[in-house]
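User: I would like to go through this structure term by term, with each label set against its definition.

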Amino acid sequence: MYEFSLTHSVNDAVQNLCRRSGWRKVRRILLKIGGMRKVNPELMAFIFAALSKDTPAEGAILSVMMLPVTIRCFSCGKTGTREDSEFMCPSCGSRNVELISGLELAIEVLEVESDLHNYE
């Protein structure tokens with residue numbers, strides 16, 4: 001289960017940030033994930049709820065923003081996005097392309113509470 005591995009990594013990163021920063025509660029997490037990763041956001045939220053039990057992130061809302069797969073064509077010079085993971089230029093059909101984006105996995109927003117302030 002690919003989502004478990006990714007969600008576990010996100011949970012570990014959030015827990016480490018909480019320990020280092022002294023945050024007592026995580027309220028919301030927004031992830032940016034590239035389309036090549038083919039994840040199920042609802043499954044990731046479900047897994048995160050289970051992994052974060054009894055931690056500062058318990059009850060946090062995990063949201064996923066899916067980013068398009070973007071490729072650049074060396075044949076026609078155009079850059080375009082694809083809904084699928086086919087390495088083919090959407091303009092001319094060439095397979096002489098370069099992946100520009102689609103493999104991202106990043107915490108974009110982490111909304112937390114500390115003993116002194118709320119941060120976003």
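The questions and answers that follow take up the terms one at a time.

Analyst: This is a predicted model, in which local features need pLDDT of at least 70 and side-chain atom pairs count only at pLDDT 80 or more, while totals for chains, interfaces and linings use all residues. Residues are numbered from 1 along each chain as its sequence is written, and side-chain values use heavy atoms, with hydrogens and water left out.

User: What makes residues 2–21 a helix, and how does the span of H1 compare with the expected one?

Analyst: Helices are DSSP runs of H or I with at least four residues, and strands are runs of E with at least two, numbered from the N terminus. H1 has 20 residues, so this run satisfies the helix definition. The expected span is 1.5 Å times one less than the number of residues; for H1 that is 28 Å, and the helix reaches 29 Å from its first C-alpha to its last, which is close. After H1 comes Gly22, with a positive phi near 75 degrees.

User: Which residues of H1 are called buried, and what covers them?

Analyst: Buried means under 20% relative accessible area, against over 50% for exposed and in between for partly exposed, with a 1.4 Å probe and protein chains only. Among the residues of H1 that count as buried are Leu6, Val10, Val14 and Cys18. Their cover includes strand S1 (25–34), helix H2 (41–51) and strand S6 (105–113).

User: Why is one set of residues called a nonpolar core?

Analyst: The name applies because its members are buried Ala, Val, Leu, Ile, Met, Phe, Trp, Tyr or Cys residues joined through side-chain atoms within 4.5 Å. The largest such core has 18 residues, of which Val14, Val26, Ile29, Leu31, Met44 and Leu110 touch the most other members. The elements giving two or more residues to this core are H1, S1, H2, strand S2 (61–67) and S6. A second, separate core of five residues includes Val69, Ile71, Cys73 and Val97.

User: How do you know that S3 and S4 pair?

Analyst: Two strands pair if DSSP finds at least two bridges between them. Four bridges join S3 (residues 69–73) to S4, and the two strands run antiparallel, with Val69 opposite Arg82. Five residues lie between the strands of this hairpin, where Gly77 takes a positive phi near 85 degrees.

User: What is the radius of gyration of the chain, set against that of a compact globule?

Analyst: The radius is taken over C-alpha atoms, and the globule rule is 2.2 Å times the number of residues to the power 0.38. A compact globule of 120 residues would come near 14 Å, but the chain has 18 Å. Along its principal axes the C-alpha trace spans about 55 × 30 × 20 Å.

Technical notes:
Contact means heavy atoms within 4.5 Å.
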